[in-house]
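The exercises below ask you to read a structure step by step, and each is followed by a worked solution. Please look through the sequence and the 3D view before you begin.

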Amino acid sequence: MIKSTHRREFIRGAGAFALAFPGLSSWSGLSWLGPAGDPAQKKRLIIMFSPNGMVREGFWPKTEGPDFEMDQVLKPLESLREKTLVVHGICNKVRGDGDNHMRGMSCLLTGNELFPGNIQGGSDSPAGWAKGISIDQEIRNYLQSNPASRTRFGTLEFGVQVSNQADPWTRMVYAGPNQPIAPIDDPYRMFEKMFGKVKDRENLLSILDLVQQDIESTKSVVDARDLKLLDSHKKFVDKMSLDLKNSGSRTYAVDPPELPRNVANTGDNMPDLAKMQIDLLVNGLANDLNRIATLQFTKSVGQAKMHWLDVNEGHHELSHDPDEKQESQDKLRRINTWYCEQLAYLCNQLGKVEEPGTNQSMLDNTLVVWTNELGHGNSHTLNNLPMVMVGGGFGFEMGRFTKVKDVSTTRLWLAIAHAMGHPMESFGLAELCQDGPVKL
Amino acid sequence: MRCFQQPPFGEHVFLLVQAGKFGCPVFACLVIALQFFLVAEAAQAVDEGQQIYSLKCASCHGSAGEGNEDHFADPLRGDLSLAELGKLITETMPENDPGKCVAEEAQSVAEYVFENFYSAAAQRRLKEARVELSRLTVRQYRESVADLIGSFKDSVRVPDARGIHGVYFAARHWTDKKRLSDQTDETIDFGEGVPHFDPTGEYRSIEKDNDPNKDVNLMNQGFSVYWAGGIIVPETGLYEITVESKNGFDLYINDMDHPLIDRKVRSDDVVEHQASIYLLGGRSFGLKLYLFSYPQPPARIRLLWRKPGGPLEVIPATALISETPPEVAVVSTTFPADDSSSGYQRGVSVSEQWDAAITEAAVETANWVSDRIWKLAGTKEASDDAVPRVREFCSQFVARAFGKQLTDEEQYFFIGQHFDQELSVKDQVKRVLILALKSPRFLYPAVERRSKDRQMARRMALHLWDSLPDHSLLKLADKGELSTPEAINHELERMVEDPRSKEKLQSFFHAWLKSEHATEATKDQRLFPEFDQRLVSDLKTSLELFLDDVIWTGNSDFRELFLADYLYVNDRMAKFYGIQYGGTGFQQVKVDPDTRAGILTHPFLMTGLAYYKDSSPIHRGVFVAKQFLGRRLRQPPSNVKPLTEEFNPTLTTRERVEYQTKESGCMNCHSVINPLGFCLEHYDAVGRFRTEEKAKLIDVSSIYETPDGSQVELHGARELASFLADNELVQRNFIQQLFNYYAKQSVHAYGTGQLDQLQQRFVQSGFSIRQLLIDITRVTVEFETADPE
């Protein structure tokens with residue numbers, strides 16, 4: 001076997017060979033299947049984000065408990081009602097530098113303040129990146145620290161039309177203080193990241209026989225005393241070819257999705273891009289490349305123009321209109337309904353994947369959380385963030401609408417960490433976590 | 001096994017631990033050296049010698065002098081003359097009863113041994129030196145890939161002017177109306193504030209702003225600088241780049257599309273920002289730095305680097321240019337080290353790790369190319385001719401990698417069949433490239449059958465650049481204009497001046513002069529408080545400037561390396577070494593010829609060849625004997641620790657060495673080592689000149705015995721330098737080492753008289769190093785392209 005004797009140091013920017021190769025083992029020995037183990041034990045978390053606050057009318061149910069209303073926005077989830085939990089009363093209580101959109105975004109999953117910096121929004125004091133790790137990465141690190149739950153990537157960060165800018169409005173995922181992680185919003189690039197290595201392997205395997213022929217054909221040019229060198233060279237090529245062929249049976253549990261070709265990464269293609277990304281996301285989880293994923297639609301202050309919904313104004317612009325302006329409210333409801341449709345598609349796709357060896361679906365072993373950086377658009381409040389959770393629940397009682405009072409996001413993240421099997425004591429700012437995980 | 005001696009001084013117990021075999025003074029102590037030898041004529045004597053040898057010597061030394069594990073493991077090879085060898089046998093053999101093998105008997109044994117395996121000539125015969133098939137070395141692979149891909153890009157001539165171009169704005173972004181200045185900055189070293197930045201925020205006169213009432217207020221507008229140009233990289237390796245700034249900025253190196261450091265979002269008051277990047281020496285790389293200040297912090301920035309093994313320093317003006325070179329494809333795959341058991345790196349062996357690394361590098365390169373394929377192929381993805389263009393690019397790529405025009409059959413094998421497959425264009429490209437880069441036709445430069453002219457071009461580029469021929473060399477080859485020695489010479493003269501050639505020669509000198517010793521040196525901070533990494537880096541620069549000066553200006557006279565009476569010195573060095581100096585940066589300074597002599601006493605070398613506190617005549621002596629005089633010394637017994645000062649504080653370094661090596665077993669080698677080392681005792685552990693040690697005048701006189709037994713009286717470094725400069729063995733050894741380093745083959749593989757001829761031409765050229773490089777290249781080129789008959 002080829003031994004993984006030298007793991008290449010990843011040299012950032014070195015000759016712009018941006019793709020790091022994780023060493024020799026990857027050509028033949030790398031297991032594309034995740035770690036073996038009881039599939040029922042797998043716990044997955046997906047956090048889906050859409051921006052600019054939520055409409056009050058048409059989203060929030062009026063009745064607490066199992067008989068909650070699924071109004072216009074939540075309608076797409078109707079078939080998943082039993083697996084859905086809507087929570088009211090979760091508030092982003094992080095204060096400090098930065099405007100509400102910035103803190104709404106960069107403090108949402110980190111529960112931590114922003115560093116002072118040079119990014120200014122409105123008249124608030126300028127700020128930089130968040131001071132702490134985000135909950136998805138925290139749980140990822142926990143899962144990766146255990147061989148039984150370790151996967152190739154741990155997390156994958158998907159985006160749809162995020163924009164090329166890098167600032168606190170565009171980043172919600174942090175590997176640590178000052179370490180924002182950019183979501184990948186180009187499905188082809190994400191495909192490359194997830195499966196590029198397989199393509200490389202395929203390409204390599206396809207030419208190894210030719211390399212052997214080529215070496216044979218050059219032997220005639222070489223002094224007889226030098227044949228030894230070429231022979232031993234060829235022996236190594238033979239061996240690699242054999243190793244690769246032998247490991248050929250170890251492929252993915254589920255084939256990589258066939259992506260439609262030539263979908264440009266533009267706003268008008270958002271529906272196609274969203275579907276491609278969700279298909280990739282589900283596929284990644286099905287192949288156990290990762291247990292955690294985030295899916296970020298646009299960014300805080302995102303200006304998606306959803307022509308396909310007959311909405312020609314930018315989303316953020318609309319979100320500033322007063323509640324009395326019915327036309328805008330109606331458009332905002334359509335926009336958020338579309339987002340909920342994406343959530344429903346994601347959950348339904350998860351539901352279609354059987355968890356091997358069980359009679360459960362992958363959705364039963366996944367918690368999907370849909371949230372937003374603001375509670376309400378025109379007031380820019382960080383209180384009462386929309387929180388929709390779908391999935392098996394991991395101990396949360398699903399199939400209802402519940403209200404809590406003025407609970408910090410950090411306490412919800414703590415509760416989710418516990419549900420995921422990571423019994424940490426506190427997350428984010430300690431003072432916002434004093435009452436422990438929220439009971440829903 | 002061990003011999004214990006009663007110490008003659010004080011109460012210290014002196015334990016001299018020696019390997020058992022070391023106690024036996026055998027002639028194998030002095031091993032192979034050079035090519036001068038006497039041809040033993042008397043066949044009869046050899047016959048007699050053979051009989052005596054088999055009867056009396058072979059049981060310990062092996063039937064062909066190969067040694068014997070139980071008695072004497074080291075093979076009988078060396079550089080003593082026949083006469084000296086006879087003398088040694090007479091005096092020391094057999095081990096248990098010296099004096100039994102004397103006179104004619106000793107002489108005939110000596111002749112037999114000398115002729116059959118002891119001498120260098122005999123060893124060569126045994127080994128049948130020939131030009132062996134070699135693969136590209138790691139360095140050659142990296143250089144070749146970079147130039148192969150570079151050949152599809154426009155090259156940019158590195159301008160003579162140094163410094164980087166900066167455009168300053170009283171605005172956060174490039175705003176022509178707010179332009180404050182367009183200038184060349186020597187360095188980006190603005191820790192106290194960037195030029196033109198006014199912290200009060202008021203600018204009252206901006207030439208390009210026509211509206212006199214419209215003052216630019218930095219509080220509102222911000223401030224920015226766009227620096228663009230390139231960096232010249234002195235040596236290959238991993239560079240640590242540091243930007244010190246609290247402001248927002250973006251730094252690009254090589255890849256102008258993806259920042260190496262992205263700090264546009266200022267967050268927290270982090271000042272130092274670091275990234276590493278692997279760069280190839282002798283090349284220049286694009287550099288772009290955008291700094292902006294917003295809302296209104298002071299604009300400060302410094303751009304620093306740490307060269308491989310060097311200290312953190314501001315990137316000097318000498319490394320900055322205002323032209324942006326095209327992106328270079330730098331293979332960053334880690335390779336196993338090349339075989340350097342012969343003293344130079346060569347590609348005579350392959351291993352599984354090497355094959356894996358080559359594969360990984362091929363995939364890495366294929367991906368790099370496919371990411372940029374439209375641009376490299378001179379087309380656009382949407383363009384109608386995109387696929388034919390890409391296909392043409394692939395043909396060209398393979399042809400250039402192999403250094404020949406492809407036949408139709410090869411065209412199909414390497415390109416056509418991949419484009420026939422139902423694959424995306426990028427995958428087709430990748431398959432073509434991986435196959436080409438894994439092909440022996442690329443990996444073994446001698447494997448492909450090329451036209452004679454193409455073969456010459458390939459060899460010339462490989463020899464001088466470790467790379468592939470460039471466009472102009474190929475053009476000459478294809479037009480048949482490399483047919484006369486004059487034409488070849490003319491082209492080689494051009495090639496030798498190329499930065500890649502200069503970088504290669506510099507790396508040869510660092511290898512020859514064992515620079516790694518000094519680079520890694522640490523010294524006693526109590527004795528030498530100012531001696532730090534920055535000084536070591538200055539010393540290295542000083543040596544490089546000196547070498548550049550000798551080699552690339554004037555007559556390129558080899559002897560100047562030893563005889564020069566000047567040094568390159570900067571302020572820090574001048575202070576430390578007490579040298580008169582005025583001005584800034586490095587200056588050439590004349591020194592008292594009695595205190596310095598070229599590389600021989602260069603403080604960089606003297607520092608490396610010394611201990612933590614003390615000088616080391618042994619290290620220096622071994623260095624001069626091996627690297628300059630070409631003598632081969634037996635490995636020292638590994639468990640002998642040098643005596644330290646504590647052994648007897650009244651002794652000088654020389655006295656301690658003399659005491660510790662006085663045994664006859666030691667003196668076989670140390671009679672060569674010590675006299676050479678003692679000549680350099682005027683230089684302390686950090687290479688400072690001194691005349692006294694322990695309040696005693698330092699004795700730098702000695703008698704050196706040459707391999708043919710004659711004695712040379714030497715007094716101090718200057719006399720040693722003169723001795724070395726005019727010494728034919730030193731010249732010959734230099735030629736041989738340079739040859740091996742460049743050809744990556746033994747010079748003896750190129751014909752028996754080759755070294756002699758090269759030496760003759762070296763003398764005729766006035767010892768020109770540049771001409772020698774050209775002559776050496778011609779030898780290998782002519783050899784490879786000679787008709788088989």
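A polar contact is a pair of N or O atoms within 3.5 Å, where, within protein, one atom must be able to donate a hydrogen and the other to accept it. Please keep in mind throughout that this is a predicted model.

**Exercise 1.** Describe the interface of chain B and chain A, beginning with polar contacts and ending with buried area.

*Solution.* Step 1: applying the rule for polar contacts across the interface of chain B and chain A, we find 17 residue pairs, with both residues at pLDDT 80 or more. Step 2: we ask which elements of chain B give two or more residues to the side that touches chain A, and these are β10 (261–263), β11 (272–279), α7 (352–371), α10 (408–419), α11 (425–438) and α12 (440–443). Of these, α7(B) gives the most, with 13 residues. Step 3: sorting that side of chain B by class, we obtain 33 nonpolar, 17 polar and 21 charged residues. Step 4: turning to salt bridges, we count five between chain B and chain A, and in a salt bridge the side chains of B:D427 and A:K199 meet at 3.7 Å, N to O. Step 5: for the extent of the interface, 71 residues of chain B are in contact with 62 residues of chain A, and the two chains bury about 5,400 Å² between them, with 60% of it on carbon and sulfur atoms.

**Exercise 2.** Decide whether B:S341 counts as buried or exposed, and place this residue in its chain.

*Solution.* Step 1: B:S341 is in the loop between β15 (320–321) and α7 of chain B. Step 2: the cut-off for exposed is over 50% relative accessible area, and because B:S341 has 64% relative accessibility, this residue counts as exposed. Step 3: as a further landmark, B:S341 and B:P445 are 104 residues apart in sequence and 21 Å apart in space, C-alpha to C-alpha.

**Exercise 3.** Describe how domain 1 and domain 2 of chain A meet.

*Solution.* Step 1: the domain assignment of chain A gives domain 1 (1–30 + 194–262) and domain 2 (40–186 + 265–432), and their C-alpha centres lie 40 Å apart. Step 2: 12 residues of domain 1 are in contact with 12 residues of domain 2, while the area buried between these domains is about 980 Å², of which carbon and sulfur atoms give 72%. Step 3: the rule finds zero salt bridges across this interface, although four residue pairs are in polar contact, both residues being at pLDDT 80 or more. Step 4: the side of domain 1 that touches domain 2 divides into 10 nonpolar, no polar and two charged residues.

Terms used: Residues are numbered from 1 along each chain as its sequence is written. Chains are lettered from A and ligands numbered from 1 in the order in which they are written. This is a predicted model: local features need pLDDT of at least 70, side-chain atom pairs count only at pLDDT 80 or more; totals for chains, interfaces and linings use all residues. Side-chain values use heavy atoms; hydrogens and water are left out. Contact means heavy atoms within 4.5 Å. Buried area is the accessible area (1.4 Å probe) that two parts lose on being put together, summed over both. A salt bridge is a side-chain nitrogen of Lys or Arg within 4 Å of a carboxyl oxygen of Asp or Glu. A polar contact is a pair of N or O atoms within 3.5 Å; within protein, one must be able to donate a hydrogen and the other to accept it, and residues adjacent in sequence count only if both atoms are side-chain atoms. Helices (H or I, at least four residues) and strands (E, at least two) are DSSP runs, numbered from the N terminus. Ala, Val, Leu, Ile, Met, Phe, Trp, Tyr, Cys and Pro count as nonpolar, Asp, Glu, Lys and Arg as charged, and the others, Gly among them, as polar. Buried means under 20% relative accessible area, exposed over 50%, partly exposed in between (1.4 Å probe, protein chains only). Domain bounds come from an automatic or database domain assignment.
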